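Biologist: Hello! I am new to this structure and would love a close look at one part of it, the interior, told as one connected story. Could you start with the cysteines and then take me through the spaces, helices and strands inside?

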Amino acid sequence: MIRLLENGAYLVNGMEIIEDNAEAGAALKSITGKDVNSAEAKKGTIAYGILKNHNTADSMDQLKIRFDKLTSHDITFVGIIQTARASGLEKFPMPYVLTNCHNSLCAVGGTINEDDHMFGLTCAKKYGGVYVPPHQAVIHQFAREMLAQAGGMILGSDSHTRYGALGTMAVGEGGPELVKQLLNKTYDIAMPQVIGVYMTGAPKKGVGPQDVALAIIKAVFDNGYVKNKVMEFVGPGVANLSADFRIGVDVMTTETTCLSSVWRTDSEIEHFYEIHGRKGEYKQLDPAPVAYYDGMIICELDKVEPMIAMPFHPSNAYTIDEVNANLMDVLDDVEKRAAVSLDGKVPFTLKNKVHNGKFLVDQGIIAGCAGGGFENICAAADILKGKSIGSDEFTLSVYPASTPIYMEIAKNGVLATLMETGAIVKTAFCGPCFGAGDTPANGAFSIRHSTRNFPNREGSKIQNGQISSVALMDARSIAATAANKGYLTPATQFDGEFTNPVYHFDSKIYANRVFDSHGVADPGVEIHFGPNIKDWPSMPALPENMILKVVSEIHDPVTTTDELIPSGETSSFRSNPLGLAEFTLSRKDPAYVGRAKEVQKAQKALENGECVGEAFPEIKPVAHAIFDKFAGVDKTNIGIGSTIFACKPGDGSAREQAASCQKVLGGWANIANAYATKRYRSNLINWGMLPFVIDEGELPFENGDYLFIPDIKDAVENKKASIKAYVVTKDFKEIELKLGDLTDDEREIITDGCLINYYGRQNS
């Protein structure tokens with residue numbers, strides 16, 4: 001089904017794979033008639049060509065990328081624009097689309113959601129952007145329909161910014177990276193490795209894009225095979241997939257922890273652009289006759305079965321047949337994972353879902369950028385036609401990804417087919433994916449064609465004793481399960497025919513409702529500020545020496561951004577840095593905020609010239625011990641802050657607030673064995689936080705310990721690879737911290753204290 005090559009590989013004429021080994025040179029020469037150099041062949045990937053066309057640096061080793069377009073949604077664009085405004089923004093220098101698909105319900109916190117929307121509309125007018133009102137489209141579907149261009153690059157502030165199936169290399173990053181683009185700066189990154197995904201065959205009936213995606217994620221997540229790399233989809237199997245199918249696989253590449261993705265394009269993708277009225281944005285993209293990939297994933301599409309990703313990660317995937325055949329073993333494994341992910345704070349079992357040897361599901365959801373596509377919904381309707389989802393606990397909700405899709409299923413009868421089964425069809429909304437819509441009952445189990453099934457993401461509140469869980473499945477198998485009254489069923493058991501209706505895109509709704517400035521800014525427009533929209537608080541620069549208190553210690557194998565800053569109703573506070581910070585780690589370590597605030601009192605006292613010992617008495621003996629041991633260190637050249645330890649933090653969302661909330665509370669650093677994603681590490685850096693790495697093994701400190709890091713500013717400025725630190729509360733035990741590679745700009749951002757300070761200094 002899925003196989004990973006141990007070495008790099010050459011792809012010849014898009015069809016033949018030659019693994020990079022001792023025999024590769026001779027094999028290549030016999031085919032091409034010449035010697036082939038791997039360094040030169042690396043330039044033959046589609047990704048290399050696109051990156052080269054967008055690179056402003058002299059070298060292709062260290063890239064400085066300018067993107068063609070930007071996109072954000074309503075829980076990120078307020079903070080991004082506020083940061084850019086504080087850094088000197090005058091006009092959006094490129095198309096910037098502001099969508100409203102996360103806080104669409106305007107159901108939490110009074111007027112604050114709609115205030116954010118009006119902030120977005122007025123900023124689109126003032127700075128020359130595009131504004132998509134609530135319920136019109138989820139961010140990524142609008143981008144597919146209206147923004148993507150073959151050979152182009154898009155940067156978005158949502159991690160699932162993936163339009164590779166349309167030939168667009170897209171990257172999901174934290175907000176500060178968009179700020180850099182808005183200020184005419186660049187996205188700086190070392191040339192990423194490119195991993196080929198070589199597809200063969202065609203999917204069997206009943207297998208959908210989520211099944212293929214989950215099979216790939218299962219194969220590559222734990223081993224980091226594609227981490228921070230570009231996935232390039234090639235091979236003869238690509239031609240056997242529709243545009244919607246490719247899009248459905250592509251959007252899930254985020255869950256592999258890759259940097260970006262791109263696919264070879266063909267007449268199928270040309271037709272996609274044509275029906276969306278943008279045929280001029282198409283170009284055929286193929287690898288060169290000989291292209292070198294740093295790794296190769298072999299995906300045999302005809303061998304993929306209907307899949308299910310059990311809690312609590314998309315990589316925890318099985319075939320549905322495996323789960324049904326080994327129910328108790330699988331559920332035992334889920335309980336073990338729950339013990340780690342939930343810290344034993346609530347009882348958790350799914351064994352009570354087993355009835356007469358069958359697994360009974362409580363809820364089905366087909367939604368968002370992954371599930372809400374036209375073909376997914378039509379296939380689900382084919383399976384459900386003439387059936388009923390029943391009148392018991394099981395419910396089914398369907399969210400078309402855009403109003404044009406909704407309009408088409410209304411015209412072709414699919415909407416009526418779904419509604420008469422008992423399913424509810426709702427407007428375009430990302431809520432079910434991140435816990436702001438269709439939250440299941442306590443103890444319930446939901447199957448979803450969405451992007452993630454992390455703990456604490458679907459609306460659970462562990463601190464309140466509330467827990468539900470999500471598994472990921474394809475829309476087809478969700479429909480088959482719904483038709484079976486909630487009993488887990490693979491869509492390969494469907495014995496009917498798929499009608500595959502033709503899609504007709506109607507752009508009238510966008511023409512009537514979407515505000516498009518066409519790049520013309522109107523400086524006279526007054527920005528709408530609701531009472532919840534707050535400026536970023538001032539943040540101090542990096543001190544010469546640093547005292548850190550460890551205020552949280554997390555030993556999960558991976559810590560998600562949903563655990564660092566919860567999703568769901570907290571998203572309403574994304575435009576209020578101080579208000580949102582109150583939720584930091586609230587579902588993982590509820591004591592964190594209080595501990596961080598106590599330490600922050602000491603730093604604020606330093607800044608105000610007040611007595612630190614009175615503001616935070618606990619620090620007094622620690623500081624005196626440091627002053628006695630280290631000559632020249634005193635209150636004039638130290639900073640005091642907090643830090644957390646997590647084994648591997650930052651999997652999942654691009655949300656910058658996972659880092660900025662810690663900084664707002666006085667955080668100066670994270671300490672980790674590794675960072676799950678580049679985007680989380682970048683968020684730390686852009687908010688002036690030190691992304692320390694410590695070797696795996698026995699941790700030399702514990703929660704509550706104080707660390708002293710002498711000459712930290714000098715270490716950052718002078719690019720020291722190893723930094724000495726001391727565990728003050730363990731008799732000054734010496735430890736080693738590492739920062740990894742940092743660009744010169746990143747070092748300046750850290751020493752200035754954050755991106756806002758960095759640009760403020762440049763503009764002063």
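Modeller: Gladly! The model you see is a predicted one, and it holds zero disulfides. A disulfide is a covalent bond between the sulfur atoms of two cysteines. Take Cys258, which is in no disulfide: the nearest cysteine sulfur belongs to Cys369 and is 14 Å away. Since a disulfide here calls for sulfur atoms within 2.5 Å, that distance rules out a bond for Cys258. Cys258 is also buried, with a relative accessible area of 2%. Cys299 is in no disulfide either, and the nearest cysteine sulfur to it, that of Cys258, is 15 Å away. Cys299 is buried too, and its relative accessible area is 0%.

Let us stay with the strand around Cys299 for a moment. Strand β15 covers residues 295-300, and five of its six residues are buried, so β15 is largely enclosed by the rest of the structure. Which strands pair with β15? One is β1 (residues 2-4), which runs antiparallel to β15 and is joined to it by three bridges. Within that pairing, Arg3 has Ile298 of β15 as its bridge partner. Another is β11 (residues 194-200), which pairs with β15 in the parallel sense over six bridges. In β15, Met296 is the residue that stands opposite Gly196.

Strand β14 (residues 290-293) gives us another view of the inside. Val290 and Tyr292 point one way from β14, Ala291 and Tyr293 point the other way, and all are buried. The partner to look at here is β2 (residues 9-12), which runs antiparallel to β14 and is joined to it by four bridges. If you want a spot to find by eye, Ala9 stands opposite Tyr293 of β14.

Now for the empty spaces. The count comes to eight cavities of 30 Å³ or more. The largest cavity holds about 210 Å³ of space. Of the 22 residues that line the largest cavity, His73, His102, Asp158, His160 and Arg457 are the closest to its centre. Three helices, α6 (139-146), α13 (368-371) and α17 (431-434), each supply at least two residues of that lining. What kinds of residue make up the lining of the largest cavity? By class, there are ten polar, seven nonpolar and five charged residues.

The second largest cavity has about 80 Å³ of space. Its lining is made of 13 residues, and those closest to its centre are Asp244, Ile247, Gly248, Gly373 and Asn376. Helices α6, α9 (243-251), α13 and α14 (374-384) each give at least two residues to this lining. Of these, α9 gives the most, with four residues. Sorted by class, the lining of the second largest cavity has five nonpolar, four polar and four charged residues.

One of those helices, α14, deserves a visit of its own. Helix α14 is mostly covered, with ten of its eleven residues buried. Among the buried residues of α14 are Phe374, Asn376, Ile377, Cys378 and Asp382. You have already met Asn376 as one of the residues closest to the centre of the second largest cavity. After α14 comes Gly386, whose phi is positive, near 80 degrees.

Further along the chain, helix α28 (residues 744-752) has a buried side to explore as well. In α28, Glu746, Arg747, Ile749, Ile750, Thr751 and Asp752 are buried. What do the buried residues of α28 pack against? They pack against four helices and a strand, namely α7 (175-182), α26 (678-686), α27 (712-717), α29 (755-763) and β31 (690-693). Here, too, a glycine follows the helix: Gly753 comes after α28, and its phi is positive, near 110 degrees.

Let us finish with a sheet. Seven strands form an open sheet with mixed pairing, in the order β17-β16-β24-β23-β20-β21-β22. At the edges stand β17 (317-319) and β22 (424-425), each with a single partner strand, so one side of each is left without a neighbour in the sheet. For β17, look at its pairing with β16 (residues 307-309): the two run antiparallel and are joined by three bridges. There you can find Met307 standing opposite Thr319 of β17.

Terms used
Residues numbered from 1 in each chain as written. Predicted model: local features only at pLDDT ≥ 70, side-chain atom pairs only at ≥ 80, totals over all residues. Heavy atoms only, no water. 1 Å grid on protein atoms, 1.4 Å probe; cavity = no way out; pocket = protein on both sides within 12 Å on 5 of 7 lines; lining within 4 Å. Points joined across faces, edges and corners; volume = space filled by probe spheres on them. Nonpolar A, V, L, I, M, F, W, Y, C, P; charged D, E, K, R; others polar. Buried < 20%, exposed > 50% of the residue type's maximum accessible area, 1.4 Å probe, protein only. Pairing = 2+ DSSP bridges. Contact = heavy atoms within 4.5 Å.
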